[in-house]
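Colleague: Please take one part of this model and describe it closely for a first-year student. I should like to hear about the open space at its surface, and then about what surrounds that space.

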Amino acid sequence: MRRLRVACVGTGFIAGKHLQALSQMGDVEIVAVADTQPERAEEVATRYGARPHTDGATLLATEELDAVWLCVPPFAHGALEAAAIARGLPFFVEKPLALDLPTAQGIADQLAGTGLTTAVGYHWRHLDVVERAVELLAGRPAQLVTGYWWDKTPRVPWWPRRAYSGGQVIEQTTHLFDLARHLAGDVDTVTAAERAAADGAEDVPTAASSLLRFASGAVGSVSSARVLAGRHRVALHVVADGLVLEVSERGLTDHELLVGTERGTEVLRSEQDPIAAEDREFVDVLLGRTARTRVPYEEALRSHALACAADRSAREGTRVHLGEGGRR
Ligand SMILES: NC(=O)c1ccc[n+]([C@@H]2O[C@H](COP(=O)([O-])OP(=O)(O)OC[C@H]3O[C@@H](n4cnc5c(N)ncnc54)[C@H](O)[C@@H]3O)[C@@H](O)[C@H]2O)c1
């Protein structure tokens, strides 16, 4: 049986989840990993019997590969994708696509017309409970969408600096913007505000809130806060005629859908591993067993554009209009 030769650039937290999932697949061989921290690259390479690199560009220039996973922080996007595209190498990339919209738009422009298979780590879309939410909303469109990401400040060193992470809205709450689009369609306009951080070194706002108008006429709001001792709630509510849904995440493999109707409230739990599911789907597409990935780069770009619009509106104090197809 042909085994897909894959590599991973970045060997931190989320790369660990992908590599764990990929290492369980009999049709995949992890041949190389790269991290700018040499000891991390060495340790992970040893664990998976792969070759270590300290530079993603070298890995991409020298390894024989069928696909690459890009699991680097937001500030590190651009050159890696360009190298993969230049080689005609399919890639899976973690969200957010980049720190900002121009970098991601530039990558999308390079991808246009190449036919290259891509997938992006908006993993909520791989959940059975999200598929159920989509079914429940069929013929009963969303009227109100309201989400919240109220949590602690993540401990990775790059996160509290806007110049490295893009900020909470772009780095974290982006999952909720993506889910909002998935359940209620594209957004036309965003108006947002943020609370500045007191500590100048950690300049990611401590809280932010945005007001959304969807192309369908639905309205919504999404808020973010990073000042708690731990995760309080990461969830999205959708209200439709006679129906309320709440999709929430307690951890990467701990999700819930609450369904409220005239018959009462039902709770559906999911202990699926959506990271393994998105990796399986990407591998299946590359091996010709599935037609397409459910979140290719172009689709993820629309969610990224929405998060970037919320971020820009808050920074500039202006209403941001998203263009045709939810991009601007
Ligand atoms: N889908 C999800 O739910 C989810 C969860 C966690 C993280 N993420 C995303 O994954 C990305 C990484 O997050 P993380 O938590 O794994 O961070 P991390 O800090 O744990 O790991 C990132 C690794 O990338 C390395 N790195 C940085 N620049 C690099 C470069 N140019 N080339 C090679 N390696 C480089 C760092 O040394 C580090 O080891 C972020 O964009 C984050 O938003 C997604």
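Modeller: Forty-four residues would be too many to recite, but among the 44 that line the largest pocket, Phe-13, Ile-14, Val-156, Trp-158 and Glu-171 lie nearest its centre. The model is predicted, so to speak of local features one needs a pLDDT of at least 70, and side-chain atom pairs count only at pLDDT 80 or more, while totals for chains, interfaces and linings use all residues. Residues are numbered from 1 along each chain as its sequence is written, and side-chain values use heavy atoms, with hydrogens and water left out.

A pocket is found on a 1 Å grid over the protein atoms alone: it is an open set of points with protein on both sides within 12 Å along at least five of seven lines, whereas a cavity is a set of points where a 1.4 Å probe fits but cannot get out; lining residues have an atom within 4 Å of a point. Points are joined across faces, edges and corners, and the volume is the space filled by probe spheres set on them. The largest pocket holds about 1,200 Å³ of space. Two elements, α1 and β12 (243–251), each give two or more residues to its lining; helices (H or I, at least four residues) and strands (E, at least two) are DSSP runs numbered from the N terminus. The greatest contribution, three residues, comes from β12. By class, the lining has 20 nonpolar, twelve polar and twelve charged residues. Here Ala, Val, Leu, Ile, Met, Phe, Trp, Tyr, Cys and Pro count as nonpolar, Asp, Glu, Lys and Arg as charged, and the others, Gly among them, as polar.

The position of this pocket follows from the domains, whose bounds come from an automatic or database domain assignment. That assignment gives domain 1 (4–123 + 277–293) and domain 2 (124–272 + 304–326). Both domains give residues to the lining of the largest pocket, so the pocket lies between them. Their C-alpha centres are 25 Å apart. Domain 1 brings 20 residues to the contact and domain 2 brings 21, contact meaning heavy atoms within 4.5 Å.

Two sheets complete the surroundings. One is an open sheet of six strands in the order β3-β2-β1-β4-β5-β6, with parallel pairing; two strands pair if DSSP finds at least two bridges between them. At its edges stand β3 (51–53) and β6 (118–120), each with a single partner strand, so one side of each has no neighbour in the sheet. The twist averages 20° from one strand to the next; axes are lines fitted to C-alpha atoms, for helices over the stretch in contact, and angles run from 0 to 180 degrees between N-to-C directions. Strand β1 (residues 4–9) pairs with β4 (residues 67–70) in the parallel sense over four bridges, and Val-9 stands opposite Leu-70 in β4. Helix α1 (residues 13–23), already met at the pocket, packs on this sheet, where α1 touches β1, β2 (28–34), β4 and β5 (91–93) and makes about 155° with the direction of β2. Helix α10 (residues 274–286) also packs on the sheet, touching β1, β2, β4, β5 and β6, at about 155° to the direction of β4.

The other open sheet has nine strands in the order β14-β13-β12-β11-β7-β10-β9-β8-β15, with mixed pairing. Its edge strands, β14 and β15 (320–321), each pair on one side only. Strands β8 and β9 pair in the antiparallel sense over eight bridges, and the bridge partner of Val-187 is Phe-214 in β9. Helix α11 lies across β8, β9 and β15 and runs at about 50° to β8.

Two further spaces remain. The second largest pocket has a volume of about 180 Å³, and its lining includes Arg-132, Arg-140, Glu-262 and Arg-263. The elements giving two or more residues to that lining are α6 (128–137), β13 (254–261) and β14 (264–270), and β14 supplies the largest share, four residues. This lining has three nonpolar, three polar and five charged residues.

The structure also holds one cavity of 30 Å³ or more, and the largest cavity has a volume of about 120 Å³. Among the 19 residues lining the largest cavity, Val-169, Glu-194, Ala-208, Ser-224 and Asp-311 are the closest to its centre. Strand β9 gives the most to this lining, four residues, and the classes are ten nonpolar, six polar and three charged.
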